[in-house]
Amino acid sequence: MLIAAVDVGSARARAGLFTTDGRLVARASRGFATLSPESGQAGFDFAEIWQAVADALAEARRMAGASPAQVQALAFDATCSLVVDAPGFAPDVIAWHDHRAVAEAEELGRLAHEVVVRAGGSVSPEMQTPKLMWLARRRPEAWRMLRGVRDLCDHLAFRATGTPARSLCATAAKWPYLPDRGGWAEDLLAALGIAGFPHDDPVLPPGAAIGPLSRQGAAELGLDRECVIAAGLIDAFAGALGAAPDMPALIAGTSNCVMAGGVAAAPALWGPYPGAIMPAEAVSEGGQSATGALLESIRRQYSQSTTHDEIVARIAAGPEPGPGMHVLPDFKGNRAPFADPLMRGVIHGLSLERGVAAMDALYWRAAVGIALGTRQVIGHMRLCPQRIAMAGGQARAPLLRQLYADATGAEIHWQPEDAVLRGTAIAAAAPQAGGLAAARARFARDVEITRPDPQARLRRERDWSVFLRMQEQRAEITKLTAGD
């Protein structure tokens, strides 16, 4: 018997196959395109995502030499992108990082409501409520014809089973849903004029069984109908579930998210969200937008053909590049501590050089800025961790794990076998393992520990002082140019 997990990120669908005791036996991925129908908008085509999922699963099975009958459990995690099932609405997935609903988010943030409080008091346009407002107001013909509107992880499960259900993880974290106060905030939905969207699907905790594959789902995914689908999670929450337990988790991928329990509601923090990962536990999130995306953007801006791994290897092999350069990494807004989607980044010390050395310098100094931003998020959450579990694409590089250890002063605990896919596999295994906690214990793996380097800590402290001063200067310039 094998457990399947599918992770749908911002550009790729990844599939992993695990044994029942948590050993990863195969992993494969397939890409899909980001579509930009208008300036400032971003979306995906669900059919393309679904094909990427099917192809990745087929490749993982081929690598493992596994028959369809051997895969008996499956769960999905995904970015908190919004699937709009309505005739003529295309692209039919609004990307999580789409900021078309900035005005609606600002309007929502002015209301006195618990949903707003748990969104940090200043609602991000990346959440689903402002996107629903935008859809109802700007695309009324699609709103009237809605067959369904779901978080991406939920729509993947719906496509697989034909059974409508919502994950408590996505619903509590991104929708106007308060699990400890009766569920849907119908008063808020009515006040905003969006109560009419279909939302009577059952809301299930992560790891709860939704049901077996439908005939269509089995045929499209190349699996047997006996395969049981479990409720999944948002990708960052899946990473927190699959990372080392009993400590804050840093999910460092396209964006950075710090996930922790025991954090009270506060400005610019998301949560606490009861039951969003483990039963009877609440989790809060402090985030940074477009961190890994910033590193990818830097890589693409230079003509030299090189991969992230090659860039990181060159940087690790020599002295730190770009010592006179400093970067504020908020190139697509700031989630915490400023909760400003319109905030932009700053680069100090940029030259006209365009060679490999210049690219490495900007890449590294942007990575330093991102790590310092993570330190600021952790402080804003009032955490003083001695240990941080790290997951996501950035975590694969020892150089970057060392950077986060040096920037935060905490040990970095990294589980090498893909914590995001592992967290989703834990959810898939839960119905047969006796629950999420039992599955998590069964899937636990040894971690690699990176400890702060005293000399590098001194360099990062100097960087930290510059980082804070640059933020002050940016605020001064913003005030001077207000109204331009």
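Helices and strands are here DSSP runs, counted from the N terminus, with at least four residues for a helix and at least two for a strand. The structure in the viewer is a predicted model.

**First stop: an annotated domain**

Select residues 3-242. An unreviewed UniProt entry places the feature "domain: Carbohydrate kinase FGGY N-terminal" on this span. Helix makes up 36% of the span and strand 25%, and the C-alpha atoms at its two ends lie 14 Å apart.

**Second stop: the nonpolar cores**

Next, select V8, V53, F76, L156, L221 and F237. Within the largest nonpolar core, which has 125 residues, these six touch the most other members. Helix 15, residues 419-433, gives the most to this core, with ten residues. To see the packing around one member, centre the view on V53. Apart from neighbours within four places in sequence, V53 is in contact with V6, V8, A13, F76, L156 and L221. A second core of 51 residues is separate from the largest one; Y363, V368, A407 and A410 are among its members.

**Third stop: helix 6**

Now show residues 152-161, which form helix 6. Because eight of its ten residues are buried, helix 6 is largely enclosed by the rest of the structure. The buried residues are L152, C153, D154, H155, L156, A157, A160 and T161. Just after helix 6 comes G162, where phi is positive, near 75 degrees.

**Fourth stop: the loop between helix 3 and helix 4**

Select S124, which is in the loop that runs between helix 3 (114-118) and helix 4 (128-138). Is S124 buried or exposed? S124 counts as buried, since its relative accessibility is 12% and the cut-off for buried is under 20%. Leaving aside neighbours within four places in sequence, the contacts of S124 are A105, P130 and W270.

In the loop between helix 3 and helix 4, also select E126, and add R335. Their side chains form a salt bridge, with N to O at 3.3 Å. R335 belongs to the loop between strand 19 (326-328) and strand 20, so this pair links distant parts of the chain, 209 residues apart. Both E126 and R335 are buried.

**Fifth stop: further salt bridges**

The whole structure holds 33 salt bridges. Select D330 and R474, whose closest N and O atoms are 2.9 Å apart in a salt bridge. D330 is in the loop between strand 19 and strand 20, while R474 is in helix 17 (residues 454-480), so the pair ties together parts 144 residues apart in sequence. D330 is buried at 8% relative accessibility, and R474 is buried at 9%.

Stay on helix 17 and select R469 and E472. These side chains meet in a salt bridge of 3.1 Å, N to O. The two residues are three apart within helix 17, about one turn of the helix. R469 is partly exposed, with a relative accessible area of 38%, and E472 is partly exposed as well, at 44%. Then select E320, R365, R459, R460 and D463, which are joined into one network by salt bridges that share partners.

**Sixth stop: a nonpolar surface patch**

Turn to the surface and select F331, I347 and L350. Together they make a nonpolar patch of about 250 Å². L350 lies in the loop between strand 20 (346-348) and helix 13 (356-380). L350 is exposed, its relative accessible area being 51%.

**Last stop: backbone details**

Which residues does a cis peptide bond join? One such bond is between A90 and P91, with omega about -10 degrees. P91 sits in the loop between strand 6 (82-85) and strand 7 (93-94). Another cis peptide bond joins G271 and P272, with omega about 5 degrees; P272 is part of strand 17, residues 270-274.

Finish with two residues that are not glycine but have a positive phi. For D246, phi is about 65 degrees. This residue is in the loop between helix 10 (235-242) and strand 15 (249-252), and D246 counts as exposed at 71% relative accessibility. For A290, phi is about 55 degrees. A290 is in the loop between strand 18 (282-288) and helix 11 (291-301), and A290 is buried, with a relative accessible area of 15%.

Definitions and conventions. Residues numbered from 1 in each chain as written. Predicted model: local features only at pLDDT ≥ 70, side-chain atom pairs only at ≥ 80, totals over all residues. Heavy atoms only, no water. Patch = residues over 30% accessible without salt bridge, like charges linked within 9 Å, V, L, I, M, F, W, Y side chains within 5 Å. Areas by Shrake-Rupley, 256 points an atom, 1.4 Å probe, with all protein chains shown as cover. Salt bridge = Lys/Arg side-chain N within 4 Å of Asp/Glu carboxyl O. Buried < 20%, exposed > 50% of the residue type's maximum accessible area, 1.4 Å probe, protein only. Core = buried A, V, L, I, M, F, W, Y, C linked by side-chain atoms within 4.5 Å. Contact = heavy atoms within 4.5 Å. UniProt positions renumbered as here; feature names shortened; annotations may be inferred.
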